[in-house]
Amino acid sequence: MALRRSHDSLPGHPPFGRGRRRTRRRSGPLILTAAGVLAVGCQTLEHGYTTADYAQRALAVTSEEGARRLQMESELDPGVRDFIARHGRPDILYVEDRRNVYLFYTRKDLVGVFRRELVARSEAQTFRPIPGYLLKLLPDSDRDRLLASRSRSRAARERAARPKLVREEARSRGLPAAPKPSAGRSDWSDRSFDVDAIVRRLRTPMTAADGGVSSWQNAAGPGGVPQRTARSGDTRYEVRADAVMATTPIARGGGPTPGQARLAYVRINRAVFGTQASAVNEQVAALAERVSMDPSARTRVARRIAGRTVRIHRMRSRGWLVYSVHP
């Protein structure tokens, strides 16, 4: 007892047992932290080792295999976990490799794209509708079902927009026939527009509230070809002997044809096709919708309609939708 008391009473030496309890209290959080790091490390290792078993395949999350991999991706990556919390459980999981994952919501026509670097948390991008280059990753049945759904939605939008389009076309039915090609040309590829006649028609208001397209200027087009240009709102109009064109801003994502673009092609068709404008507009509406819905800008249309060539395409780099009619 004397020996123990003398040991406990040494200067600067904690009483026997107290220092050990404090050491245990300090080491507790360190042990928990180490355990957490070890668990994350094990998750990362398991994720990496098993990726080859799931890579380059579209997995339905209702399947046992798909549900297991989705849970693994969610536990590893807070970005995936947060995305599922916002949008719900996806329909299809596609693992490209350890760093790139796609969550497809086919019923919503939406996809989440996840890119990871060295850290587990990914950078997410959302695309709606699903772009064409990602649609090809889906199984054929899911892709066909999604495209059929898009067609039904597009048809419904066209039916809803038709009354307004019909009213606009009805106002143009009193126009005379379309301007004839310049005299002395027979083959359609050699024909040219009467620039002054087209400009006069574009100046003419379509309604009492419409100001028409005014403030035309002379300019030099591609190859020095003379042309007339003007702006109406955000739409730029060009008239040349070989083309009548409207360039309208369009959002980078896919979607219905913007109202300004619809007005532009109705206006141009009224000026170029005259009494045939109504029939031409009906065909152009569906073609323009196809181009507008594709954010990749790969869908391009060139169609012979009523004796003229109609072209529609997107300039993705500039954010433009271009509609043109050629003789």
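Axes, as used for the helix pair below, are lines fitted to C-alpha atoms over the stretch in contact, and angles between them run from 0 to 180 degrees between N-to-C directions. The model shown in every view is a predicted one.

**View 1. Packing of helix 3 against helix 4.** Helix 3, formed by residues 64–76, packs on helix 4, formed by residues 78–87, at an angle of about 110° and with the two axes 5 Å apart. Because angles of 65 to 115 degrees count as roughly perpendicular, helix 3 and helix 4 are described as roughly perpendicular to each other. On the helix 3 side the contact is made by L70, E73, S74, E75 and L76, which meet P78, V80, R81 and I84 of helix 4. By character, the residues of this contact divide into five nonpolar, one polar and three charged.

**View 2. Helix 3 and its buried residues.** With 13 residues, helix 3 reaches 18 Å from its first C-alpha to its last, a span close to the 18 Å expected at 1.5 Å a residue. The buried residues of helix 3 are G66, R69, L70, M72, E73, S74 and L76. Among these, L70, E73, S74 and L76 also take part in the contact with helix 4.

**View 3. The open sheet of five strands.** Five strands, in the order 1-2-3-4-5, form an open sheet in which the pairing is antiparallel. Its edge strands are strand 1 (58–60) and strand 5 (123–127), each of which pairs on one side only, and the twist from one strand to the next averages 20°. At the strand 1 edge, strand 1 pairs with strand 2 (residues 92–95) in the antiparallel sense over three bridges, and I92 in strand 2 is the bridge partner of A60.

**View 4. The open sheet of seven strands and the helices on it.** Seven strands form an open sheet in the order 6-7-8-9-12-11-10, again with antiparallel pairing. Strand 6 (217–220) and strand 10 (301–305) stand at the edges with a single partner strand each, so one side of each is left without a neighbour in the sheet. The twist in this sheet averages 20° from one strand to the next. Helix 7 (residues 195–203) packs on the sheet, where it touches strand 7 (226–232), strand 8 (235–240) and strand 9 (243–249), and its direction makes about 150° with that of strand 8. Helix 9, in turn, lies across strand 10, strand 11 and strand 12 (320–326), running at about 175° to strand 10.

**View 5. Strand pairing around strand 12.** Strand 12 is mostly covered, with six of its seven residues buried. Six bridges join it to strand 9, the two strands running antiparallel, and T247 stands opposite V322 of strand 12. Strand 11 and strand 12 pair in the antiparallel sense over seven bridges, among them the one in which H326 of strand 12 is the partner of T309. The hairpin of strand 11 and strand 12 has four residues between the strands, and there G319 takes a positive phi near 70°. Strand 11 (residues 308–315) is also joined to strand 10 by five bridges, again with the strands running antiparallel, and R303 stands opposite V310 of strand 11.

**View 6. The loop at Q276.** Q276 is placed in the loop between helix 8 (259–273) and helix 9 (277–293). With a relative accessible area of 41%, Q276 is partly exposed. Although Q276 and A306 are 30 residues apart in sequence, their C-alpha atoms are 7.6 Å apart in space.

Note on methods:
Residues numbered from 1 in each chain as written. Predicted model: local features only at pLDDT ≥ 70, side-chain atom pairs only at ≥ 80, totals over all residues. Heavy atoms only, no water. Buried < 20%, exposed > 50% of the residue type's maximum accessible area, 1.4 Å probe, protein only. Parallel < 35°, antiparallel > 145°, perpendicular 65-115°, else oblique. Contact = heavy atoms within 4.5 Å. Nonpolar A, V, L, I, M, F, W, Y, C, P; charged D, E, K, R; others polar. Expected span 1.5 Å × (residues − 1). Pairing = 2+ DSSP bridges.
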